[in-house]
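Q: Could you take a close look at a single part of this protein and walk me through how that part fits in with its surroundings? I'd like one connected story.

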Amino acid sequence: MVKVTAPEIVVRPCSHFDDRPDPSDISLLVIHNISLPPATFNTPYIDDFFAGRLNCQAHPYFAGLAGVRVSAHCVIYRDGRIWQYVPFVQRAWHAGLSLFNGRDKCNDFSIGIELEGVDDVPFTESQYQALSSVCAWLICQFPGLTPERIVGHSDIAPGRKTDPGPAFNWTYFHQLLAQQLIAAGYNPPVTGDTA
Ligand SMILES: [Zn+2]
């Protein structure tokens with residue numbers, strides 16, 4: 001049996017989610033970045049935005065967010081805190097118009113994780129540690145998820161989305177993830193792709 005300690009996750013209020021068409025099909029993980037206002041960190045505004053209580057007068061940028069209802073399953077903040085907004089078996093609203101391996105509506109079958117950040121500013125070591133541990137844990141929970149089925153938002157919405165951006169170090173992330181999976185005794189599926 002695979003043994004991975006569940007990372008410490010704090011559940012936060014959010015109503016921006018609904019049912020997956022097939023809750024047993026969780027086979028993609030999408031990495032994003034978000035910061036509110038852009039490139040400003042350690043504000044309460046992401047939490048407010050996902051909870052549907054962002055004060056759109058608080059910053060000029062927020063005017064464009066009035067009425068926007070989006071979410072992600074988790075946000076990993078700069079200090080490595082993991083706050084969860086949507087249960088993994090439910091559908092979060094993070095991918096938008098998207099396509100993975102010829103299949104659209106990626107929200108239906110994916111988990112979305114936001115890193116507090118911006119495309120061109122390095123993410124923190126605490127974020128890489130938290131992200132790799134939550135991804136390893138999710139891979140061990142959901143057989144449809146594999147390291148190969150972790151993508152950036154820009155991979156499934158090219159031309160429309162750029163996150164997590166060039167500052168996200170995929171090589172380092174995959175090294176950390178591989179270490180966690182080896183420690184967990186994880187065995188990759190033989191076929192590699194069940195989609
Ligand atoms: Zn995104």
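A: First, a bit of vocabulary: helices and strands here are DSSP runs, at least four residues of H or I for a helix and at least two of E for a strand, numbered from the N terminus. With that in hand, the chain reads β-β-β-α-β-β-β-β-β-β-α-β-α-α, which adds up to 4 helices and 10 strands. Keep in mind that this is a predicted model. The part I'd pick is helix α2, residues 125-141.

Some context before zooming in. For 195 residues, a compact globule would have a radius of gyration near 16 Å, and the protein agrees because its own value is 16 Å. The C-alpha trace spans about 50 × 35 × 30 Å along its principal axes. Of the contacts with a separation of 6 or more, 73% link residues 24 or more positions apart. Buried residues account for 35% of the 195.

Now α2 itself. Its 17 residues should span 24 Å at 1.5 Å a residue, and the end C-alpha atoms are indeed 24 Å apart. The buried residues in α2 are Gln127, Tyr128, Ala130, Leu131, Ser132, Ser133, Val134, Cys135, Ala136, Leu138 and Ile139. What lies over them? The cover includes strands β3, β4, β5, β9 and β10, along with helix α4 (170-183).

Those strands belong to an open sheet of 6 strands, ordered β1-β5-β4-β9-β3-β10 with mixed pairing. At the edges sit β1 (10-11) and β10, each pairing on one side only. Helix α2 packs on this sheet, touching β3, β4, β5, β9 and β10, and its direction makes about 170° with that of β9. Within the sheet, β4 and β5 run antiparallel and are joined by 3 bridges; isoleucine 76 has isoleucine 82 in β5 as its bridge partner.

Ile76 turns up again in the largest nonpolar core, which has 45 residues. The members that touch the most others are Leu29, Val30, Ile76, Ile113, Leu131 and Cys135. Elements giving two or more residues to this core are β3, α1 (45-51), β4, β9, α2, β10 and α4. The largest share, 8 residues, comes from α2.

Leu131 is a handy residue to click on. Beyond its neighbours within four places in sequence, Leu131 is in contact with Ile76, Ile113, Leu115 and Phe173.

For contrast, look at two glycines outside α2. Gly152 is in strand β10 (residues 150-152), one of the strands α2 touches. Gly152 counts as partly exposed because it has 19 C-beta neighbours inside 10 Å, and being buried takes 20 or more. Leaving out neighbours within four places in sequence, Gly152 is in contact with Ile31, Asp163, Pro164 and Phe168. Asp19, 133 residues away in sequence, lies 23 Å from Gly152, C-alpha to C-alpha.

Gly64 sits in the loop between α1 and β4. Gly64 is exposed because there are 9 other C-beta atoms within 10 Å. The C-alpha atoms of Gly64 and Leu115 are 21 Å apart, with their positions 51 residues apart along the chain; Leu115, you'll recall, is one of the contacts of Leu131.

Key. Residues are numbered from 1 along each chain as its sequence is written. This is a predicted model: local features need pLDDT of at least 70, side-chain atom pairs count only at pLDDT 80 or more; totals for chains, interfaces and linings use all residues. The radius of gyration is taken over C-alpha atoms; the globule rule is 2.2 Å times the number of residues to the power 0.38. A residue is buried if 20 or more other C-beta atoms lie within 10 Å of its own, exposed if 12 or fewer, and partly exposed in between; C-beta atoms are placed from the backbone. Two residues are in contact if their C-beta atoms, placed from the backbone, lie within 7 Å. The expected span of a helix is 1.5 Å times one less than its number of residues. A nonpolar core is a set of buried Ala, Val, Leu, Ile, Met, Phe, Trp, Tyr and Cys residues joined through C-beta atoms within 7 Å. Two strands pair if DSSP finds at least two bridges between them. Axes are lines fitted to C-alpha atoms, for helices over the stretch in contact, and angles run from 0 to 180 degrees between N-to-C directions.
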